[in-house]
Amino acid sequence: MTRSVHATIHSVNIGSSHDLIIGDEMVATGIVKQPCPGAVRVTPDGVEGDFIANGRVHGGPDQAVYLYSAEDLAFWEGEMDRPMPPGLFGENLTIDRWWPEVRIGDRLTNARLTLELTFPRVPCATLATRVGDPRFVKRFAQAGRPGVYARVIRDGHVEAGDTFTVEPAPADFPLAATLFRAWHDRRHHADVLRDALRAPLASRWRAAFEYVLEHPDA
């Protein structure tokens with residue numbers, strides 16, 4: 001019998017609107033998140049009370065919740081020699097740890113809420129500014145610790161201490177780490193992108209993969 005895998009919520013993090021200087025512009029962003037006490041409602045639109053500044057690239061039904069792990073934060077504390085508190089990377093849910101094979105289509109479920117993983121996080125200048133390192137986009141990509149977005153299959157409430165059972169996706173669905181590497185080296189991974197289209201990808205990234213495959217020289 002296969003042993004059940006579980007993930008526990010370390011903290012639930014919510015952000016309000018903050019202005020950050022990114023390049024030469026002042027930009028409103030919701031990446032500045034703080035742990036919040038008590039139960040918080042999660043709907044297909046995301047975590048209630050969480051500010052989404054740019055709905056074109058963040059949030060939406062396929063990227064409603066962003067998950068990162070306390071293990072990842074501990075890794076970055078060692079790399080950057082300073083504290084990395086929950087929510088620093090803009091994650092809605094900081095979980096205790098990842099399971100051995102994190103796949104697109106994996107589901108986290110308990111009596112109150114079900115989430116389905118849709119795509120790894122792709123780093124941007126906003127993350128680099130938040131962390132305070134202009135080289136961080138490259139460092140984040142090289143580290144291979146992206147965290148993962150999820151859609152909400154069954155809405156409900158979540159709070160720190162909640163435990164979720166991981167329902168694994170089919171074994172032929174891609175690993176999140178494989179997609180993360182493929183996206184950053186897309187010219188050499190057309191087969192991975194093609195295979196990934198069978199999985200329940202976030203629609204934005206499905207469209208991006210289809211475009212790359214149709215325009216290999218773009």
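**Helix α1**

I began with helix α1, residues 70-80, and found Asp72, Leu73, Trp76 and Met80 buried. Buried here means under 20% relative accessible area, exposed over 50%, and partly exposed in between, with a 1.4 Å probe and protein chains only. These buried residues span an arc of only 95 degrees around the axis, which puts them on the same side of α1. The arc is taken from the directions that run from the helix axis to the C-beta atoms.

I noted the basis of the entries: this is a predicted model, local features need pLDDT of at least 70, side-chain atom pairs count only at pLDDT 80 or more, and totals for chains, interfaces and linings use all residues. Residues are numbered from 1 along each chain as its sequence is written, and side-chain values use heavy atoms, with hydrogens and water left out. Helices (H or I, at least four residues) and strands (E, at least two) are DSSP runs numbered from the N terminus.

Next I asked what the buried residues of α1 pack against. I found β7 (65-69), β8 (93-95), α2 (125-131) and α3 (136-143). Contact means heavy atoms within 4.5 Å.

**α1 against α3**

I looked up the geometry of this helix pair. The axes of α1 and α3 come within 13 Å and cross at roughly 125 degrees. That makes α1 oblique to α3. For the class, angles under 35 degrees count as roughly parallel, over 145 as roughly antiparallel, 65 to 115 as roughly perpendicular, and the rest as oblique. The axes are lines fitted to C-alpha atoms, for helices over the stretch in contact, and angles run from 0 to 180 degrees between N-to-C directions. I recorded the crossing of α1 and α3 as right-handed; the near helix is then turned clockwise from the far one by less than a right angle, whereas anticlockwise would be left-handed. On the α1 side, Phe75, Trp76, Glu79 and Met80 make the contact. On the α3 side I listed Phe136, Arg139, Phe140 and Ala143.

**Asp81**

I then checked what follows α1. Asp81 does, and its phi is positive, near 55 degrees. Asp81 is a residue other than glycine. Most residues other than glycine have a negative phi. I placed Asp81 in the loop between α1 and β8. Is Asp81 buried or exposed? At 70% relative accessibility, Asp81 counts as exposed.

**Strand β1 and Ile9**

I traced the partners of β1, residues 5-15. Two strands pair if DSSP finds at least two bridges between them. β1 pairs with β13 (residues 163-167) in the antiparallel sense over 4 bridges, and Thr8 has Thr163 as its bridge partner there. β1 and β8 run antiparallel, joined by 3 bridges, with Ile9 opposite Ile95. β4 (residues 33-35) pairs with β1 over 3 bridges, also antiparallel, and Ile14 stands opposite Gln34.

I looked closer at Ile9, which lies in β1. Ile9 is buried, at 4% relative accessible area. Beyond its neighbours within four places in sequence, its contacts include Leu93, Ile95, Val158 and Phe164. Ile9 and Thr163 are 154 residues apart in sequence, yet 6.3 Å apart in space, C-alpha to C-alpha.

**A sheet of 3 strands**

Last, I read off an open sheet in the order β6-β5-β12, with antiparallel pairing. β6 (46-47) and β12 (156-158) stand at the edges with a single partner strand each, so one side of each has no neighbour in the sheet. β5 (residues 40-43) pairs with β12 over 3 bridges, where Val40 stands opposite Val158.
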